[in-house]
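I opened the model to look at strands first and helix contacts after. These are my entries in the order I made them.

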Amino acid sequence: MRWYTRGADEADDPAAYHICGKGIPVTPEGIKERLQRKHRILENGCHEWTGYGLKSRRTDAAPRGLIVINGKRHRVHRLAWEIYRGPIPNGLWVLHKCDNGLCINPDHLYLGNHAQNMEDVVRRRRSPKIKLTEDQVRMIRASSLSSRALAKEFGVKKSSILCVRNGKTHRFVI
Ligand SMILES: [Zn+2]
């Protein structure tokens, strides 16, 4: 794995290998422990990362869950793939079936190529999901009002309501 090299250095100076300076050894076991401790399980089965993360500068992009290993940031869903599934072949991306960028459930991840990744990005961009609360999503699904009326009610675009209604967004809300 790209972040893990068991070598002479490690034996000589174990402190040289750490995550975020917290003394957790950089081994597959150490990373696995960290992944298991730092997530919450959502109703849809997502294992949502609760540790360190960054919001992307692009407002439509999902926040990034990160683990800093020896001063370098690593995306947690990629680490999860490597821990639970194995190495990521060159040129492939670890993508989310569930559209939750913070999810590290290996069952919700898949390997895709650049084109598939761009499709995912475009799909998310079309469906701004941050503006509605989960309760509002449930109300929209249950409502018999027109999408236009609901859009007015909740202060979002009609397309956002349509995306909720046809399941393009908010699939994680049950
Ligand atoms: Zn998920």
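Entry 1, strand E4. I began with the two faces of E4: Gly65, Ile67 and Ile69 make up the covered face, while Arg64, Leu66 and Val68 make up the uncovered one. I note here that the model is a predicted one.

Entry 2, partners of E4. I looked up which strands lie beside E4 and found an open sheet of three strands in the order E3-E4-E5, with antiparallel pairing. E3 (53–54) and E5 (72–75) stand at the edges with a single partner strand each, so one side of each has no neighbour in the sheet. As a reminder to myself, strands of a sheet pair through backbone hydrogen bonds, either parallel or antiparallel.

I then went through the bridges. E3 and E4 (residues 64–69) are joined in the antiparallel sense over two bridges. Leu54 has Arg64 of E4 as its bridge partner, and Gly53 stands opposite Gly65 in E4. Arg64 belongs to the uncovered face of E4 and Gly65 to the covered one. On the other side, E4 and E5 pair antiparallel over four bridges. Ile69, on the covered face of E4, stands opposite Lys72 in E5.

I checked the connection between E4 and E5 as well. The two strands form a hairpin with two residues between them. Asn70, in that turn, has a positive phi of about 50°.

Entry 3, helix H3. Which residues of H3 are buried? I list Val76, His77, Leu79, Ala80, Trp81 and Glu82. The cover over these buried residues includes H2, E2 (47–49), E4, E5, E6 (93–96) and E7 (109–112). After H3 comes Gly86, with a positive phi near 125°.

Entry 4, H2 against H3. I took H2 next, as it is part of the cover over the buried residues of H3. The axes of H2 (residues 28–37) and H3 (residues 76–84) come within 10 Å and cross at roughly 125°. H2 and H3 are therefore oblique to each other. The crossing in which H2 passes H3 is left-handed. From H2, the residues that meet H3 are Pro28, Ile31, Lys32 and Leu35; from H3 they are Val76, Leu79, Ala80 and Ile83. By class, this contact of H2 with H3 has seven nonpolar residues, no polar ones and one charged. Val76, Leu79 and Ala80 of H3 are also in my list of buried residues.

Entry 5, H5 against H7. I moved on to helices later in the chain. H5 (residues 134–142) and H7 (residues 158–165) pack at about 80°, and their axes are 9 Å apart. H5 is therefore roughly perpendicular to H7. H5 contributes Val137, Ile140 and Arg141 to the contact, and H7 contributes Ile161, Val164 and Arg165. I note four nonpolar, no polar and two charged residues in the contact of H5 with H7.

Entry 6, H6 against H7. How far apart are the axes of H6 and H7, and at what angle do the two helices pack? The axes of H6 (residues 147–154) and H7 are 8 Å apart, and the angle is about 115°. H6 is therefore roughly perpendicular to H7. H6 passes H7 in a right-handed crossing. Ser147, Arg148, Leu150 and Ala151 of H6 make the contact with Lys158, Ser160, Ile161, Leu162 and Arg165 of H7. The contact of H6 with H7 has four nonpolar, two polar and three charged residues. Ile161 and Arg165 of H7 also figure in the contact with H5.

Entry 7, after H7. I looked at Lys168, in the segment that follows H7. Is Lys168 buried or partly exposed? Lys168 has 17 C-beta neighbours inside 10 Å, so I entered it as partly exposed. Its C-alpha atom is separated by 9.8 Å from that of Asp99, and the two residues are 69 apart along the chain.

Entry 8, the whole chain. I closed with the totals. The protein has seven helices and seven strands, in the pattern α-α-β-β-β-β-β-α-β-β-α-α-α-α along the sequence. Of its 174 residues, 25% count as buried. Among contacts with a separation of 6 or more, 47% come from residues 24 or more positions apart.

Notes. Residues numbered from 1 in each chain as written. Predicted model: local features only at pLDDT ≥ 70, side-chain atom pairs only at ≥ 80, totals over all residues. Axes fitted to C-alpha atoms, helices over the stretch in contact; angles between N-to-C directions. Parallel < 35°, antiparallel > 145°, perpendicular 65-115°, else oblique. Left-handed = near helix turned anticlockwise from the far one by under 90°. Contact = placed C-beta atoms within 7 Å. Nonpolar A, V, L, I, M, F, W, Y, C, P; charged D, E, K, R; others polar. Pairing = 2+ DSSP bridges. Buried ≥ 20, exposed ≤ 12 C-beta atoms within 10 Å, placed from the backbone.
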